[in-house]
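Welcome! Here is a short briefing to read alongside the sequence and the 3D view, arranged by topic so that you can find your way around.

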Amino acid sequence: MLVLSQIPPGRLCSYGDLAKLAGLPGRARWVGRQLSRLPENTAQPWHRVVNARGQISFPAGSAAYRHQLARLIDEGSASANGKIHWRQRRWPGSP
């Protein structure tokens, strides 16, 4: 997914926006499936992709949720209290 690698550090993209940018409008679930198949040690910025509400899609409190949140906090896309800065950090901007 070439578009995934283009999401800048500190920015966020939704699954649906990523699908549109990849020329696959309406394929948000397909994007999610592809992200889930990335190798565990991938250099791709999968953690910058959130759902359309600007939320992490993993179950709250799960190890995967905590891992993604920690990476977003490190990049400044989320606060230590878990708030995702969706409106301020959305890429490529509002639709």
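Ile-73 touches Ala-78, Ser-79 and Ala-80, leaving aside residues up to four places away in sequence. Please keep in mind that this is a predicted model. Ile-73 sits in helix α4, and the points below start there before moving on to the cores, an aromatic pair and a pocket.

**Around Ile-73**
- Ile-73 has a relative accessible area of 29%, and because buried means under 20% and exposed over 50%, Ile-73 counts as partly exposed.
- Val-3 is 70 residues away from Ile-73 along the chain, and the C-alpha atoms of the two are separated by 22 Å.

**The nonpolar cores**
- The largest nonpolar core has 12 residues, among them Val-3, Leu-4, Ile-7, Leu-35, Trp-46 and Val-49.
- At least two residues of this core come from each of α1 (2–5), α2 (15–21) and α3.
- The biggest contribution to this core is that of α2, with 3 residues.
- Another core, of 9 residues, lies apart from it; Val-50, Tyr-65, Leu-69 and Ala-78 are among its members.
- Val-49, a member of the largest nonpolar core, touches Leu-4, Ile-7, Cys-13, Ser-14, Tyr-15, Leu-18, Leu-35 and Gln-68, again not counting residues up to four places away in sequence.

**The aromatic pair**
- How many aromatic pairs does a search of the whole structure find? The search finds 1.
- That pair is formed by Trp-46 and Phe-58, arranged edge-to-face, with 6.5 Å from centre to centre and 80 degrees between the planes.
- Trp-46 belongs to the loop between α3 and β2 (49–50), while Phe-58 belongs to the loop between β2 and α4, so the pair ties together parts 12 residues apart in sequence.
- Is each partner buried or exposed? Trp-46 counts as buried because its relative accessibility is 16%, under the 20% limit, whereas Phe-58 is partly exposed at 35%.

**The largest pocket**
- The largest pocket holds about 430 Å³ of space.
- Its lining is made up of 17 residues, and those nearest the centre are Leu-35, Ser-36, Trp-46, Phe-58 and Gln-68.
- Two elements, α3 (28–36) and α4 (63–75), each give two or more residues to this lining.
- The largest share of the lining, 5 residues, is supplied by α3.
- By residue type, the lining of the largest pocket splits into 9 nonpolar, 5 polar and 3 charged residues.
- Both partners of the aromatic pair, Trp-46 and Phe-58, appear among the residues nearest the centre of this pocket.

Key:
Residues are numbered from 1 along each chain as its sequence is written. This is a predicted model: local features need pLDDT of at least 70, side-chain atom pairs count only at pLDDT 80 or more; totals for chains, interfaces and linings use all residues. Side-chain values use heavy atoms; hydrogens and water are left out. On a 1 Å grid over the protein atoms alone, a cavity is a set of points where a 1.4 Å probe fits but cannot get out, and a pocket is an open set with protein on both sides within 12 Å along at least five of seven lines; lining residues have an atom within 4 Å of a point. Grid points are joined across faces, edges and corners, and a volume is the space filled by probe spheres set on the points. Helices (H or I, at least four residues) and strands (E, at least two) are DSSP runs, numbered from the N terminus. Ala, Val, Leu, Ile, Met, Phe, Trp, Tyr, Cys and Pro count as nonpolar, Asp, Glu, Lys and Arg as charged, and the others, Gly among them, as polar. A nonpolar core is a set of buried Ala, Val, Leu, Ile, Met, Phe, Trp, Tyr and Cys residues joined through side-chain atoms within 4.5 Å. Buried means under 20% relative accessible area, exposed over 50%, partly exposed in between (1.4 Å probe, protein chains only). Contact means heavy atoms within 4.5 Å. Rings of Phe, Tyr and Trp (its six-membered ring) pair if their centres lie within 6.5 Å; planes under 30 degrees apart count as stacked, over 60 as edge-to-face and the rest as tilted.
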